[in-house]
Amino acid sequence: MKKLTLMVVAIVVFAACKTENPEYAKVSGKINTTANELLLNGRSYSKIIKVDEDGNFSDTLKIKKDMYAISTEDGVKTTIFLENGYNLKISQNGEKPTESFDFEGNGKESNIYFANLINFFTGEKGDPKEYFKLDEAAFKTKIASAKDEINAFNKKNVDSLVLEIAEKNNKQFFGFVESSYEREHSNLVKFAAGNDSPVFENYENFKGGKTSLTDLKGKYVYIDIWATWCGPCKREIPSLKALEEDFHGKNIEFVSISVDNVDGKRGSYDSWKKMVAAEQLSGIQLFADKDFNSDFIREYNVNSIPRFILIDPQGKIVDSNAKRPSNPALKEELKALGI
């Protein structure tokens, strides 16, 4: 009887130690959230996972090997790599939703590697403008240093799919930065802070009459270049409205310039009028005289939208490629200017 008991205990202990099931992935951990659930979202997969009041969560999933986004309503957000057989534990440093993530358990190597890439590309070294502003020698040095830093990330036991995704992303980023340097550096020199801004003249104002940039001298001017057919432009509208409300009565004008096609091939004058009215768009709503071929648009080399420009009360450039309204840092920058 004693031998049988010992055998049963041994079986139980062995079963308890074997936590990885090749048919499922287990995800657990603790995140910095006040939300009671998180969303795990993949290309063809979506699941809500319950989170307790202390931020703990745990679930067992049957999934495809791939990258998955984790998010909560109060701002926790990251991307993780999962495949069946993983037993991945996730934890956050600090107390803010945006704090970085640590990983333990089966699958940690791939996720630590990818987290390092996320931290790199969401930081200063992942901002193309930080490269474009440098002279050629400093640019080449910074690019080489950035590539060395990424190549030094530990790849041991990292899944081949993660390495493939990373290589594609890295190639795309550095390819863009290197191929765009000459043009963008020239633009940054031309449109450096303190230089005179190009001007627009006699653009039709939705409220009637014509408006020129010189009419707004004496105030800061935050310009939104957009179109009714532009999805990312329209997604900025709620944030822009909130920003306008926050700075109502302050020494700043919010100007939206539509580049809807005058010939109606992509958007139209009528679609602009209708959307401004339907969405009750505030600020100064203007219609460019020749869409993307307007002198002001061409002088600022605008080739994609939305594009935001900040000009000071003397008509000089503060930022030729300003932050979007949805970026919380913009509000702080405007306050720092004394607006």
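Does phenylalanine 153 count as buried or exposed, and what is its relative accessibility? In this predicted model, phenylalanine 153 counts as buried, at 14% relative accessibility.

**Figure 1. Overall view of the predicted protein chain.** The chain comprises 10 helices and 15 strands. Its radius of gyration is 26 Å, well over the 20 Å that the globule rule gives for 339 residues, so the chain is more spread out than a compact globule. Taken along the principal axes, the C-alpha atoms fill a box of roughly 100 × 50 × 40 Å. Of the 339 residues, 40% count as buried. Among contacts with a separation of 6 or more, 65% involve residues 24 or more positions apart.

**Figure 2. Surface and charges of the protein chain.** The accessible surface comes to about 19,100 Å², and carbon and sulfur atoms account for 50% of this area. The chain carries 47 positive and 51 negative charges, and the mean positions of the two sets are 4 Å apart.

**Figure 3. Close-up of the ring pair formed by tyrosine 113 and phenylalanine 153.** The structure holds 19 aromatic pairs. In the pair shown here, the ring centres are 6.5 Å apart and the planes lie at 85°, so the arrangement is edge-to-face. Tyrosine 113 belongs to helix H2 (residues 108-121), while phenylalanine 153 lies in the loop between helix H4 (136-151) and helix H5 (160-190), so the pair ties together parts that are 40 residues apart in sequence. Tyrosine 113 has a relative accessible area of 3% and is buried. Phenylalanine 153, at 14% relative accessibility, counts as buried because the cut-off is under 20%.

**Figure 4. Close-up of the ring pair formed by tyrosine 222 and phenylalanine 254.** The centres of these two rings are 5.9 Å apart, with their planes at 70°, so this pair is edge-to-face; the angle cut-off for that class is over 60 degrees. Tyrosine 222 is placed in strand S11 (residues 220-226) and phenylalanine 254 in strand S12 (residues 252-258). The pair thereby links distant parts of the chain, 32 residues apart. Both tyrosine 222 and phenylalanine 254 are buried.

**Figure 5. Close-up of a cluster of aromatic rings.** The residues shown are Phe120, Phe121, Tyr131, Phe173 and Phe174. Ring pairs link these residues into a cluster. Helix H2, the element that contains tyrosine 113 of Figure 3, spans residues 108-121.

Key
Residues numbered from 1 in each chain as written. Predicted model: local features only at pLDDT ≥ 70, side-chain atom pairs only at ≥ 80, totals over all residues. Heavy atoms only, no water. Helix = DSSP H or I, 4+ residues; strand = E, 2+ residues; numbered from the N terminus. Rg over C-alpha atoms; globule rule 2.2 N^0.38 Å. Buried < 20%, exposed > 50% of the residue type's maximum accessible area, 1.4 Å probe, protein only. Contact = heavy atoms within 4.5 Å. Areas by Shrake-Rupley, 256 points an atom, 1.4 Å probe, with all protein chains shown as cover. Lys, Arg positive; Asp, Glu negative; His and termini not counted. Charge placed at Lys NZ, Arg CZ, Asp CG, Glu CD. Phe/Tyr/Trp six-rings, centres within 6.5 Å; stacked < 30°, edge-to-face > 60°.
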